[in-house]
Amino acid sequence: ISPSANPDGQVKIKKWYDEHRGRPWEGRMPWLYHTYVGHDNNRDWVLLHFPEQRLTAQKIHNEWHPIYSHEMHQMGGSGARIFVPPYQDPYDDNTAPQVMETMALVGTAMSHRLISEGKAGVVKNAIFDLFTPARAFQIYRGTARILSETASANFARKRTLQPDELQARRGGTGIYDPLKKSWNFPLPWRGGDWTFRMMVEYQLSASLAAINLVAGDPAGFNLAQYRAFKWAIDGTGWPYAFVFPAEQSDPSSAARLLQAMQRGEIEIMRADKSFSAAGHDFAAGSHVILLRQPFGAWAKTVLEIQHYPDLRRNPDDPPVVPYDVTAQTLPLMMGVDAVQVEQPFQADLSPVKEKIYLRQKMASANGNDFI
């Protein structure tokens, strides 16, 4: 259990609420609730800039490899009461099919329990897609990302909604009408009071449903996770490697990119001698990431050029817009030269065991060099 992904912000909001409770502005603190990124520090799953994300990635996902991780979020309060997986299309193509099925299975168990308890307004296959790794670190490590988004009560303040005030979020491949029953929205919520206690009760039911499901078949879920790792190691249809030439126009950015790969426990090799691959000559000291490794899907998805699919509900409709980020190609974003190599090649490579830093000689005013 990681109690909060933004503990400082949570303290700020609680303090503001306590001081202004009962006033119209009790739930709207007038400053940022994350000191550095304002709001969406949960998008920091690629470079892992911030300690909250870095600790979660390294001390939970990289060490424990849970079968699933359940993230409790809040969403707008005028539509469904809670979202659970499966997500709407598109999914990142680098998501293991075993992980996709575990997400769908656990989310459906959540929906089943909530509906059975008479908790209305449960939606799935709508609102949220799973295209960008910017908010999905764990799915490339055999862990199902279970997102639940509960309708906000404006922090701890009760909200009262009339049926004509309910509306669905526009956009995406999955659709639902908050006033009509459908396969992905079987029990509409008809409006009324929505309280903080109700939010907690929905979240608790969803959590227990997931725990009970997975705890009932540990061997089956562990085997699915193993097969997700094997899927990445097999890398069927994948490029063979990404090569980072030793000579870079911005060596400091290249070092930062490779550091991010190391934070995600990507295995990096260094060339002991010069070699050739994909029509390029690479000097000794070039870095190589071989994609067929347990977390290779993550390296692949943040290094290759993304192609957001052209999704339409029918031929006359405009393309469906994504929920979130459409591309995260780190070499392009950071100005780093990286060559995608499709076929295996011969090279003398040694694993990099130390942390990668930029090392350059600089001359001081008195002519002495220092590193």
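# A walk through charges and rings

Start by selecting Arg-81 and Trp-194: Arg-81 lies over the face of Trp-194, at 4.8 Å from the ring centre. Keep in mind as you click around that this is a predicted model.

**Stop 1: the tryptophans**

Leave Trp-194 on screen and add Trp-189. The two ring centres are 5.9 Å apart and the planes meet at 70°, so this pair is edge-to-face. Is Trp-194 buried or exposed? Trp-194 is buried, with a relative accessible area of 0%. Trp-189 counts as buried too, at 9% relative accessibility.

Now hop over to Arg-141 and Trp-298. Here the charged end of Arg-141 sits over the ring of Trp-298, 4.7 Å from the ring's centre.

**Stop 2: more rings**

Aromatic pairs turn up again and again on this tour: the count comes to 17. For another one, pick Tyr-36 and Phe-50. Their ring centres lie 6.2 Å apart with the planes at 20°, so you're looking at a stacked pair. Both Tyr-36 and Phe-50 sit in the loop between helix 1 and helix 2, 14 residues apart. Switch on a surface and compare the two partners: Tyr-36 counts as exposed because its relative accessibility is 67%, while Phe-50 is buried, at 17%.

Next, select a whole group at once. Which residues form one aromatic cluster? Try Phe-83, Tyr-87, Tyr-91, Phe-128 and Tyr-323.

**Stop 3: a link across the sequence**

Time for salt bridges, of which the count is 16. Select Arg-43 and Asp-324 and look for the closest N and O atoms, which are 2.6 Å apart in this salt bridge. Where do the two residues lie? Arg-43 is in the loop between helix 1 and helix 2 (51-64), and Asp-324 is in the loop between helix 7 (296-303) and helix 8 (330-334), so the pair ties together parts that are 281 residues apart in sequence.

Check how open each end is. Arg-43 counts as partly exposed, with 23% relative accessibility. Asp-324 has a relative accessible area of 19%, and because buried means under 20%, that puts Asp-324 in the buried group.

Don't deselect these two yet. Add Asp-129 and Arg-135, and you have a network of salt bridges linking Arg-43, Asp-129, Arg-135 and Asp-324.

**Stop 4: along helix 1**

Go to helix 1 (residues 7-20) and pick out Lys-14 and Asp-18, which are four residues apart, about one turn of the helix. Lys-14 and Asp-18 form a salt bridge, with 2.6 Å between the closest N and O atoms. On the surface view, Lys-14 counts as partly exposed at 48% relative accessibility. Asp-18 is partly exposed as well, with a relative accessible area of 45%.

**Last stop: Arg-113 and Glu-117**

Finish with Arg-113 and Glu-117. What do their side chains meet in? They meet in a salt bridge, at 3.0 Å from N to O. Arg-113 counts as partly exposed, at 26% relative accessibility. Glu-117, at 37%, also counts as partly exposed.

If you'd like one more look, go back to where you began: Trp-194 has Arg-81 over its face and pairs edge-to-face with Trp-189.

Definitions and conventions: Residues are numbered from 1 along each chain as its sequence is written. This is a predicted model: local features need pLDDT of at least 70, side-chain atom pairs count only at pLDDT 80 or more; totals for chains, interfaces and linings use all residues. Side-chain values use heavy atoms; hydrogens and water are left out. A salt bridge is a side-chain nitrogen of Lys or Arg within 4 Å of a carboxyl oxygen of Asp or Glu. Buried means under 20% relative accessible area, exposed over 50%, partly exposed in between (1.4 Å probe, protein chains only). Rings of Phe, Tyr and Trp (its six-membered ring) pair if their centres lie within 6.5 Å; planes under 30 degrees apart count as stacked, over 60 as edge-to-face and the rest as tilted. A charge sits over a ring if NZ of Lys or CZ of Arg is within 6 Å of the ring centre and within 35 degrees of the ring normal.
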